[in-house]
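Dear colleague,

Please find below the structure that I am handing over to you. My findings on its aromatic rings and on one further residue follow after it.

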Amino acid sequence: MSGLRFPVGRLPDEALLSGLATGDQELAVVFVRRFQHRVFGVAMAVTGDRQLAEDVAQQTFERAWRHAQIYDSRRGSVTTWLTTIAHNLAIDAVRARRTEPVAPEDLDALLGTVTETPERWALADEASARLRAAVSRLPREQARALMMAGIYGMTAQQVADTERIPLGTAKTRIRAAMGKLRTTLSAPERGGHVQ
């Protein structure tokens, strides 16, 4: 890379991703070093297990390497793309390990991690910050139902059984939470509040 006018470490994220796609070892190493803490932080925040988080981080970089050619900067930054891959892989890993629903008393701690944890620093981009803020402003019962359905893949019936509420109430909470998030996230960033 001696033909470059500035150090490899100062290349834009997109250039490093292109280097990863072409198999350039030097750029691949810089790419991994630039994002390894952020990717591991996301994986650790979701899994809560260091070994599993390391596995997820490795899978994230493997997937980024395999799919680097299809990255589209119009859909978000490299950071957002990579942390989304890490987040989705971490959720899949947790789901694969979990054989029973999350205890309702554990959800309050999980909701806390959405707003104030290492994940906050790992997912420092604007879109994730807006999502965390929008979820934190939801009424608690709607946020819990949304987390059960969205993160843990529970059906509305499972949410109803876990929360000991009627099925219609569970569906309403999930639908209302999704509607409020959709409205908040599609609004200009002036501070659209969830009610």
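**Aromatic pairs and a buried methionine**

F31 and F35 both belong to helix α2 (residues 25-47), where they are 4 residues apart, about one turn of the helix. Please note that the model is a predicted one. Both of these residues, F31 and F35, are buried.

A pair of aromatic rings is described by the distance of the centres and the angle of the planes. The count of aromatic pairs in this model comes to 2. In one of them, the ring centres of F31 and F35 lie 5.0 Å apart; the planes meet at 55°, which is neither under 30 nor over 60 degrees, so the pair is classed as tilted.

F31 also pairs with F61: the ring centres are 6.2 Å apart and the planes stand at 85°, over the limit of 60 degrees, and the pair is therefore edge-to-face. This pair links distant parts of the chain, as F31 lies in helix α2 and F61 in helix α3 (residues 50-67), 30 residues apart. F61 is buried, as is F31. Through these ring pairs, F31, F35 and F61 are linked into a cluster.

A separate point concerns M148, which is located in helix α8 (residues 140-150). M148 has a relative accessibility of 1% and therefore counts as buried, the cut-off being under 20%. Between the C-alpha atoms of M148 and I174 the separation is 9.1 Å, with the two residues 26 apart along the chain.

Yours sincerely

Technical notes. Residues numbered from 1 in each chain as written. Predicted model: local features only at pLDDT ≥ 70, side-chain atom pairs only at ≥ 80, totals over all residues. Heavy atoms only, no water. Helix = DSSP H or I, 4+ residues; strand = E, 2+ residues; numbered from the N terminus. Buried < 20%, exposed > 50% of the residue type's maximum accessible area, 1.4 Å probe, protein only. Phe/Tyr/Trp six-rings, centres within 6.5 Å; stacked < 30°, edge-to-face > 60°.
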